[in-house]
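Biologist: Please take me slowly through one part of this model, beginning with how its strands pair, and then show me how that part fits into the rest.

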Amino acid sequence: MKTRISSLLISTLICSSPAVAEWSGNFSLQNRYFFHSPLPLIEDSSQEQYYPSVSSEVEYYTDWDNQDRSITIKGFLRLDQYDVERTHGDLREFYYQYVFTDWELRMGISKVYWGVTEAQHLVDIINQNDAVENIDNEDKLGQPMFMLSRELDSGTVNVFVLPYFRERTFKGIDGRPATTSFIDSNFASYESSKEQKHIDYAARWFSYLDDLEYGLSVFSGTSREPVLLPRIINSNNTLTPYYPQMTQFALDAQLTTEEWLYKLELIHRDWQQFDFNQFKLVDTRFTALTAGFEYTIVGIMQSYADLGIVMEYLYDDRDHESTNLFQNDVMLGLRLAMNDSDSSEALLGIIYDMDYYERAVSLEAKRRFMGNWTAELEARFFSNTNSQSITHGLRHEDFLQLDLSYHF
Amino acid sequence: MKFNISTSLKYSLAITLNLLLIPAAIADDAARGLEIATETDRRDTGFIDLTAEMVMELKNKQGQTNTRQVRVKTLEVEGDGDKGLSIFDTPADIKGTASLTYSHALKPDEQWLYLPALKRVKRISSKNKSGPFMGSEFAYEDISSQEIEKYTYKYIKDETLNGIDTFVIERYPAYKFSGYTRQLVWINKKEYRPEKIDFYDRKNVLLKTLTYHGYQQYLNQFWRSDVMKMVNHQTGKSTTLTWKNYQFKNGLTDSDFNRNSLKRAR
């Protein structure tokens, strides 16, 4: 009888598959130090050299029905001592997911990543950049979406309906790194009269042929990247973000061999740009790509460390009118992974502009300590900027950043 | 016996015989080694799928420890290497990171990594099989599925190891980027399961020893050890894997082991 009861209890537990609930996240202290005092470009701004801030990201996850149904909630908050725009919160995720046989449904606020290259992420278009977080465009704002995915033998189809648009975040007037003209995110404008309520659509087909994996995608709707329009606000030269409607076709592909990875991202976009000669918006089309390779030297100098070498070419056919910083550039990256118990790693990246002869250098290093803590160092240098280019404003903005984080 | 065979002829005949016999003996040992490996593999065939939880304890020379918790799912693939999914629960900063591996007998393995902060699935080069798995003393090739074709074999001797009768066989990795020249494996004669493995590095110097403890039999067939201990003789570091909650035949399918399920891995 006893065994019967316990086996009954066990089978009940297995059948109803009790909900799993998990909390995880981090608390982080960030120190940013700018090597040069600010350029006195904007009146009434009081930029600093040292910017401390704190941030936290907390996630709650629960699933039931054998993990077929789940809810994920993730919130983010940063408090910056000087930059009021960088003091911000975001609901990164809040979605319900249902998986049934070969179908997957996702409803709510979520994040999606597309693409393969390292230097820039042209194809990745669903989520808006949380650009005030960092200049590498790897932090994203939560995107409201309805996603349906179907897995077939030949590949996977994803279809998206995106009912609400998120504006890109920009630093405030007292924030750094600063560009020549201040971008005022309070004066955003749209091509569509529906503004943020315009419904965007996207779809992606992902498949593979042996060791070649590829994705074909299309996006139609409000551009995540704004066109920056010149405007005088409070007698200051200001740029304001304008979000046109756009259509983009994209391809991302990676060929993996035993030692080499070959990567390609290619986009073609129907867009608008600001013509300074006519002083108005004009329709335009452009093509941009990132193509390159990655090679890893395993066990350098008879140690356990690996050294990865990444080289990528970045191209944009808009040339000098490009709103993209990378119109004819080469990126060289060196990634060192120590493979030790603290997961110590470092990444050195150099981007060289072959038109303007400019160089941007970044160094990122990370390791774990005391089990639940990480220390992350980041340095960025914008040396040798050309007065003709958009990055010229960054010439005094070299900085060093240290993040100390506790993870749970 | 009427033939008057000269001593020199006798001598050369003996040499010829010896020359014929030595390769035959080598071939015998190779065949016997392969036979033992094949039987070991045969007895572990048919588990279909397996899930388990693992705690890794990394210990350095000074005795300081570091732990990681990993959940592992394996799908048996007939006629090829298994498919495996690993989900990392700790350290907290990499929580939610997952890796998917399709191991193959002769082709290089295919491997993907899921990075939860970026929501990015990355196909990675499978070349670094000799590299440490999560900073431990286990290399990727030590924990990946052990297919017969991944090695060539040689029977060495019979030996009693801690009171257990074992075959000692030597195996040589067929994979050109392996971190080892050879491995010496002690296989339980009765149950055909490994009890101990000595790993020799690229310079043929003893690098590590793996020992299996607390074997238990599941479904009246499959032996799994509760504790696996790897000691690095060159650095003095060690890693102990403690296994829990082995579950066989969970009804997992190919769709639990693809890029989409990797993104959803929990």
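Modeller: In this predicted model, strand β3 (residues 83–90) of chain B and strand β4 (residues 98–102) of chain B run antiparallel and are joined by five bridges. Within this pair, B:Leu85 of chain B stands opposite B:Leu100 in β4(B). On another side of the pairing pattern, β3(B) is also joined to strand β2 (residues 65–75) of chain B, again in the antiparallel sense, and here there are seven bridges. One place to find this second pairing in the picture is B:Leu75, whose bridge partner in β3(B) is B:Lys83. When you look along such strands, it helps to keep in mind that in a regular strand the side chains alternate between the two faces of the sheet.

Between β2 and β3 of chain B there is a loop, and B:Glu76 has its place in it. Is B:Glu76 buried, partly exposed or exposed? With 18 other C-beta atoms within 10 Å, B:Glu76 is partly exposed, because a residue counts as buried at 20 or more such atoms and as exposed at 12 or fewer. If residues up to four places away in sequence are set aside, B:Glu76 touches B:Phe47, B:Ile48, B:Asp49 and B:Asp82. B:Ala117, by contrast, is 41 residues from B:Glu76 in sequence, and the two C-alpha atoms are 30 Å apart in space.

The two leucines that face each other across β3(B) and β4(B) lead on to the nonpolar interior. The largest nonpolar core has 21 residues, and B:Leu85 and B:Leu100 are among those with the most contacts inside it, together with B:Met56, B:Ala98, B:Phe133 and B:Met228. Several elements of chain B contribute to this core, each with at least two residues: β1 (49–59), β3, β4, β5 (110–115), α2 (140–143), β11 (206–218) and β12 (222–232). B:Met56 gives a closer view of these surroundings, since, leaving aside its neighbours within four places in sequence, B:Met56 is in contact with B:Thr67, B:Arg68, B:Val70, B:Met134, B:Ser136, B:Thr239 and B:Leu241. Apart from the largest core lies another one, of 14 residues, which includes A:Leu122, A:Met147, A:Leu162 and A:Phe219.

Further along chain B you can follow a second run of antiparallel strands. Strand β8 (residues 164–173) of chain B is joined to strand β9 (residues 180–188) of chain B by six bridges, the two running antiparallel, and a hairpin of six residues connects them. Across this pair, the bridge partner of B:Phe167 is B:Ile187 in β9(B). The strand β9(B) then pairs, also in the antiparallel sense, with strand β10 (residues 194–201) of chain B over seven bridges, and B:Trp186 has B:Lys196 in β10(B) as its bridge partner. The hairpin of β9(B) and β10(B) has five residues between the strands, and B:Tyr192 in this hairpin takes a positive phi near 50°.

Stepping back to the whole of chain B, its secondary structure comes to three helices and 13 strands, and its C-alpha trace spans about 85 × 45 × 35 Å along the principal axes. Of the 266 residues in chain B, 29% are buried. Among the contacts in chain B between residues at least 6 apart in sequence, 42% join residues at least 24 apart.

Chain B also meets chain A, and this contact takes 33 residues from chain A and 23 residues from chain B. On the side of chain A that touches chain B, there are seven nonpolar, 14 polar and twelve charged residues. Chain A itself has one helix and 22 strands, and 31% of its 408 residues are buried. Its radius of gyration of 23 Å agrees with a value near 22 Å for a compact globule with 408 residues.

A last word concerns how confidently chain A is predicted. Chain A averages a pLDDT of 90, and 91% of its residues score at least 70, but among its elements helix α1 (residues 2–16) of chain A has the lowest mean, 43, whereas strand β11 (residues 212–222) of chain A has the highest, 98. Over residues 1–16 of chain A the pLDDT is below 50, and this stretch has one contact in the model beyond near neighbours in sequence. Where pLDDT is low, the predicted coordinates should not be read in detail.

Methods
Residues are numbered from 1 along each chain as its sequence is written. Chains are lettered from A and ligands numbered from 1 in the order in which they are written. This is a predicted model: local features need pLDDT of at least 70, side-chain atom pairs count only at pLDDT 80 or more; totals for chains, interfaces and linings use all residues. Helices (H or I, at least four residues) and strands (E, at least two) are DSSP runs, numbered from the N terminus. Two residues are in contact if their C-beta atoms, placed from the backbone, lie within 7 Å. Two strands pair if DSSP finds at least two bridges between them. Ala, Val, Leu, Ile, Met, Phe, Trp, Tyr, Cys and Pro count as nonpolar, Asp, Glu, Lys and Arg as charged, and the others, Gly among them, as polar. A nonpolar core is a set of buried Ala, Val, Leu, Ile, Met, Phe, Trp, Tyr and Cys residues joined through C-beta atoms within 7 Å. The radius of gyration is taken over C-alpha atoms; the globule rule is 2.2 Å times the number of residues to the power 0.38. pLDDT is the predictor's confidence in each residue, from 0 to 100.
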